[in-house]
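Subject: A structure to look through

Dear colleague,

I am handing over a structure that I would like you to look through at your own pace. Please open it first, and then read the notes that follow it.

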Amino acid sequence: MRDGSSPVSDRSRLPPNDPRQYDDLADEWWRPDGVFAMLHWLARARAALVPPATRPHALLVDLGCGAGLLAPHLAGKGYRHVGVDLTRSALDQAAAHGVTPVNGDATAVPLADGCADVVAAGELLEHVPDWRRAVAEACRLLRPGGLLVLDTLNDTVLSRLVAVEVGERLPTVPRGIHDPRLFVDDRALVAECARHGVDLRVRGVRPELRGTLRWLVRRIRGAGPPAGRAPRIRPTWSTAVLYQGRGVRLG
């Protein structure tokens with residue numbers, strides 16, 4: 001695995017987007033040169049959308065939290081960080097990074113209405129069979145004035161090409177981790193959030209090109225963890241592939 005190849009397991013026999021892949025990949029979550037490296041870059045960008053807490057005991061609910069990659073970037077912002085995920089092996093690692101773990105489905109979250117000051121849904125919606133139910137749950141959890149932050153893949157031909165046909169052939173994305181039939185149209189997402197009282201604004205994002213190319217070259221050559229800072233996620237003019245959303249629950 002240190003030579004730039006993907007982890008070898010029974011994942012190849014699983015259908016696309018099968019949650020069991022995350023158990024097979026449990027050792028990859030916190031490797032800086034691992035197959036989840038881009039999720040670290042996205043977590044940093046998502047956390048940048050979250051302001052410091054404005055009241056004591058503020059709660060941030062992290063839907064699809066995985067191994068808690070958002071946690072280091074929230075340090076000092078004043079939130080209790082609760083992570084919801086289906087994969088117990090990931091939740092065990094999240095707990096080790098200060099996240100309060102909740103084993104649950106993002107479409108039926110076992111938490112109270114209006115409990116959260118912030119709900120984060122990073123790289124989640126393109127993995128759930130019914131993204132509209134996940135959005136309804138995210139909005140339900142928010143108190144009035146609460147903040148929703150998310151990022152996901154758009155339902156476009158270009159997104160399927162970049163994320164699946166190209167991306168899953170690079171050492172930055174595990175093979176079979178996506179089912180492009182689940183990708184989420186940005187206009188439909190904005191409309192669905194509005195239906196649940198959240199005014200969502202979206203913008204396109206992408207990894208910085210030069211830093212990502214350097215990272216890829218080192219990773220493919222098996223040169224060990226890339227030197228210097230990790231590539232950053234930058235805003236871009238197009239939402240056609242990857243996009244962020246930020247919105248406030250009204251009333």
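**Helix 8 and its surroundings**

The buried residues of helix 8 pack against helix 2 (37–47) and strand 6, where contact means heavy atoms within 4.5 Å. Helices (H or I, at least four residues) and strands (E, at least two) are DSSP runs, numbered from the N terminus. Please keep in mind that this is a predicted model, in which local features need pLDDT of at least 70 and side-chain atom pairs count only at pLDDT 80 or more, whereas totals for chains, interfaces and linings use all residues. Residues are numbered from 1 along each chain as its sequence is written, and side-chain values use heavy atoms, with hydrogens and water left out.

Which residues of helix 8 are buried? They are G211, T212, W215, L216 and R219, and here buried means under 20% relative accessible area, exposed over 50%, and partly exposed in between (1.4 Å probe, protein chains only). These buried residues cover an arc of only 135° around the axis, which puts them on the same side of helix 8; the arc is that of the directions from the helix axis to the C-beta atoms. On the other side of helix 8, the exposed residues are L209, R210, L213, R214, I220 and R221.

The length of this helix can be checked as well. Helix 8 has 13 residues (209–221), which at 1.5 Å a residue should span 18 Å, and its end C-alpha atoms are indeed 18 Å apart; the expected span is 1.5 Å times one less than the number of residues. After helix 8 comes G222, with a positive phi near 70°.

**Helix 4**

Helix 4 (residues 88–96) can be read in a similar way, with A90, L91, Q93 and A94 buried. Seen down the axis, these buried residues fall within an arc of 160°, so they line one face of helix 4. R88, D92 and A96 are exposed on the other side of helix 4, while its buried residues pack against strand 2 and strand 3 (100–103). Just after helix 4, G98 takes a positive phi of about 90°.

One of those buried residues, A90, can also be related to a residue from another part of the chain: L25 and A90 are 65 residues apart in sequence, yet their C-alpha atoms are 9.4 Å apart in space. L25 is found in the loop between helix 1 (21–24) and helix 2, and L25 is buried, with a relative accessible area of 1%.

**The nonpolar cores**

A nonpolar core is a set of buried Ala, Val, Leu, Ile, Met, Phe, Trp, Tyr and Cys residues joined through side-chain atoms within 4.5 Å. The largest one has 29 residues, and those that touch the most other members are V61, L63, V119, L125, L148 and L189. Among the elements that give two or more residues to this core are strand 1 (58–63), strand 4 (116–122), strand 5 (142–153) and helix 7 (186–195), but the largest share, 6 residues, comes from helix 5. There is also a second, separate core of 23 residues, which includes W29, A43, L49 and V173.

What is L189 in contact with, leaving aside its neighbours within four places in sequence? The residues are L125, W131, V135, L150, T152, V184, L200 and Y243. R195, which lies in helix 7, is exposed, with a relative accessible area of 61%. The C-alpha atoms of R195 and L150 are separated by 17 Å, with the two residues 45 apart along the chain.

**A cavity**

The structure holds 1 cavity of 30 Å³ or more. On a 1 Å grid over the protein atoms alone, a cavity is a set of points where a 1.4 Å probe fits but cannot get out, and lining residues have an atom within 4 Å of a point. Its volume, about 30 Å³, is the space filled by probe spheres set on the points, with grid points joined across faces, edges and corners. The lining of the largest cavity consists of A121, L125, A134, V135, A138, L148 and L150, and helix 5 gives the most to it, with 3 residues.

**Two residues with positive phi**

Lastly, H57 has a positive phi of about 60° although it is not a glycine, and E123 likewise is not a glycine but has a positive phi of about 50°. H57 is found in the loop between helix 2 and strand 1 and counts as exposed, at 75% relative accessibility. E123, in the loop between strand 4 and helix 5, is buried, with a relative accessible area of 14%.

With best wishes

Definitions and conventions: On a 1 Å grid over the protein atoms alone, a cavity is a set of points where a 1.4 Å probe fits but cannot get out, and a pocket is an open set with protein on both sides within 12 Å along at least five of seven lines; lining residues have an atom within 4 Å of a point.
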